[in-house]
Amino acid sequence: MLKIANLRATVDDKEILKGLNIEVKPGEVHAIMGPNGSGKSTLSNVLAGRDNYHTTDGTVLFEGKDLLTLAPEERAREGVFLAFQYPVEIPGVSNLEFLKTSLECLHTHQNKPLLSAVEFMKLAREKCKLVDLDTDFLKRGVNEGFSGGEKKRNDILQMLMLEPTLCLLDETDSGLDIDALKVVADGINALRSPDRSFVLITHYQRLLDYVQPDFVHVLVDGQIVKSGGSELALELEEKGYSWLESGTEQPANSLKA
Amino acid sequence: MSESNVIDEHINSGYDAGFITDIEMQTFDPGLDENVIRKISAKKNEPEFMLQWRLDAYQQWLKMERPDWAHVKYPEIDFNSIAYYSSPKSQEDAPKSLDEVDPELLRTYEKLGIPLHEQATLAGVAVDMVFDSVSIITTFKEKLAESGVIFCSLSEAVIEHPELIKKYLGSVVPINDNFYSALNCAVFSDGSFVYIPKGVKCPMELSTYFRINEMNTGQFERTLIIADEGSYVSYLEGCTAPSRDENQLHGAVVELVALKGAQIKYSTVQNWYPGDVNGKGGIYNFVTKRGVCHTDAKISWTQVETGSAITWKYPSVILLGDNSVGEFYSVALARNAQQADTGTKMIHLGRNTRSTIISKGISAGKGSNTYRGLVNMSPKAEGARNFTQCDSLLIGDQCAAHTFPYIVSKNPSAIVEHEATTSKVSEDQLFLCQQRGIDPEKAVSMIVNGFCKSVFKELPMEFAVEAGKLLEVSLEGSVG
Ligand SMILES: Nc1ncnc2c1ncn2[C@@H]1O[C@H](COP(=O)(O)OP(=O)(O)OP(=O)(O)O)[C@@H](O)[C@H]1O
Ligand SMILES: [Mg+2]
């Protein structure tokens, strides 16, 4: 599904990712943890194709295609979805209009029949219920005046509507109350399937209590310094990152996820 | 790519209305003196009172100075290099019906998407077509006459309804109101005239479509709308011009009279040629629009301004009668090197008068967009209220937005509320859209349309869709 090899990337001429390797197979859930500023969001932005992020070395293959040559919207249409650490507001553009336009762009690209207005509304209402958002939110501007937690749930709503094949979630669990966390986790679990993969960027074990990861990676200073099973997250929760920061315990390149 | 690159990449967009009609014209030599004015008046077989009115205006204009307070820059205009009258030869003997109109002219309007044949029109819209200096034809005249509505060219009204002209022409915008309106009074060539009788709800939308075609010609048209007591009319004007490298002057005057309890809804979709990316060419649009509201009357201006190199325009309402209502809804787009200085004046004279101003300014490229508004509460405006909301949207980082709200309140019971925001189409917003599969152009158009929603909903249905599309075409290439 996703194969990242020796990825190096700079932001404003500053190297942030320093030779990163991860392989995600269909159906897998990977968690990426790591201290603030280690490059987690940078990785998700590079994968989604944001401007100003330059890859200087390495490759990223998504379903065999060179992801890095595609425009951001093309990556999205191919099935790459990113839930942002800080979702932005688009005042005046209703959630409904946004979702509809987005879904149409994806379906057109994927040669799927477009939904009728009625079918679309039905789907949107259904998914709203799943993430526990009142259908009134559909009429409001995208994230306009939403609380932090509502914005995160809105991202999950978009994910549920678009049904991507690779879901990158950047700290979607941050700032959520216990109930909202459960809602987000349910949303993820509802989409889990043998041909869909997840990369969860998180600081907390609590999300992983609900969504059991197959692999946990620790990102420190632009490199994966340790990978392991779900038990690694528990270990991190207990010990923090300092024991890993002194140096790479294992050569990152030899890791096979 | 940096944000400014993303946004600037294809900032020059197409202008669909930029073609030139190849037709034999009769055009005056450039230049302006009393003789030219006499010639214009003679062309139109005007009665003596009209000629005197023009000459009076010309004398006053000679003594006036070009205003320089607007936030726009442009070279000195040489008023002697402009031709003040230009008419298609085929219009020599005014055609009586559409069948007699030069097919080349009909094709021009067809290309612009203007409904022509009465059978094939948009559901019930009557159109007056003004081509350079003359009105070509007005549709649905007979049908409108059944309910007593007069809809004709201003030239025709001068001859057929001199009593109404004498009473109302210049009654809202006096001859010496300002430099450009005085010039218009002297040389106006045509325009539309509307009279709605007492208690009549005009049975269809009325519209005038202005087209400038000829080179080095100024278009000076006037519109006069009189809504008699308790009547209602919705009127729409559209404007386009060919893409030419020279600047052309458009100096219109619009006067609205809403008598007791009458309502006038005036909508404009202005798409004059805006000039190219570097600011070469384009229309200089200096327009005076004003309406007067008698007791319980209402005037509502809605404008979508996407064209012109320079826009200088402040549709205003004089709230003369008690309980009268004035509204101004505006979307103004300035991209490339366009400069827009537009807004409104709400003059509250009567008691319990109310006004609402919603202005949405969009700046892209190197465009400069200025909102300039005046809310004046006179000593007698007991209980008057105004609400103003002024929002600016910036696309890219080379454009500018300015807001100059002037408030004069001489009545302590009057309430004036003003809200203003400035926002940017941010890289984050674009990236969110792209990450959801939406290409950046569509994203910008979606964001801008969302921004303008509260104004578009004031337009007549058919035109709201058109305005949205126009904005989309105008913004094409605002991002990359
Ligand atoms: N535009 C930029 N210019 C300079 N440095 C940047 C820029 N964007 C990110 N960085 C730096 O890159 C590093 C990695 O940032 P990133 O956002 O990827 O961290 P993160 O692992 O997601 O952290 P957090 O857990 O706090 O979200 C940080 O030191 C950050 O300051
Ligand atoms: Mg981060």
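Helices are DSSP runs of at least four residues, numbered from the N terminus. On that basis H1(A) supplies three residues to the shell around ligand 1, the most of any element. The model shown in these views is predicted.

**View 1. Surroundings of ligand 1 in the predicted model.** Ligand 1 is surrounded by 15 residues, of which Gly37(A), Lys40(A), Ser41(A), Thr42(A) and His203(A) come nearest. By class, the shell consists of three nonpolar, eight polar and four charged residues.

**View 2. Polar contacts made by oxygen atoms of ligand 1 with Asn36(A), Ser38(A) and His203(A).** The side chain of His203(A) places an N or O atom 2.9 Å from an oxygen atom of the ligand. For the side chain of Asn36(A), the corresponding distance is 3.0 Å. Ser38(A) contributes a polar backbone atom, at 3.2 Å from a ligand oxygen. The protein buries 66% of the 640 Å² that ligand 1 exposes when taken alone. Strand S2 (14-24) and helix H1 (40-48) of chain A are the elements that give two or more residues to the shell.

**View 3. The contact between chain A and chain B.** Chain A contributes 32 residues and chain B 21 residues. Together the chains bury about 2300 Å², with 59% of this area on carbon and sulfur atoms.

**View 4. Salt bridge between Arg50(A) and Asp428(B).** The two side chains meet with an N to O distance of 2.1 Å. Three salt bridges are counted between the chains, as are 11 residue pairs in polar contact. On the side of chain A that touches chain B, H3(A) provides the largest share, six residues. That side comprises 17 nonpolar, eight polar and seven charged residues.

Note on methods
Residues are numbered from 1 along each chain as its sequence is written. Chains are lettered from A and ligands numbered from 1 in the order in which they are written. This is a predicted model: local features need pLDDT of at least 70, side-chain atom pairs count only at pLDDT 80 or more; totals for chains, interfaces and linings use all residues. Side-chain values use heavy atoms; hydrogens and water are left out. A residue is near a molecule or strand if one of its heavy atoms lies within 4 Å of it. A polar contact is a pair of N or O atoms within 3.5 Å; within protein, one must be able to donate a hydrogen and the other to accept it, and residues adjacent in sequence count only if both atoms are side-chain atoms. Accessible areas come from the Shrake-Rupley method with a 1.4 Å probe; for residues, only the protein chains shown count as cover. Ala, Val, Leu, Ile, Met, Phe, Trp, Tyr, Cys and Pro count as nonpolar, Asp, Glu, Lys and Arg as charged, and the others, Gly among them, as polar. Contact means heavy atoms within 4.5 Å. Buried area is the accessible area (1.4 Å probe) that two parts lose on being put together, summed over both. A salt bridge is a side-chain nitrogen of Lys or Arg within 4 Å of a carboxyl oxygen of Asp or Glu.
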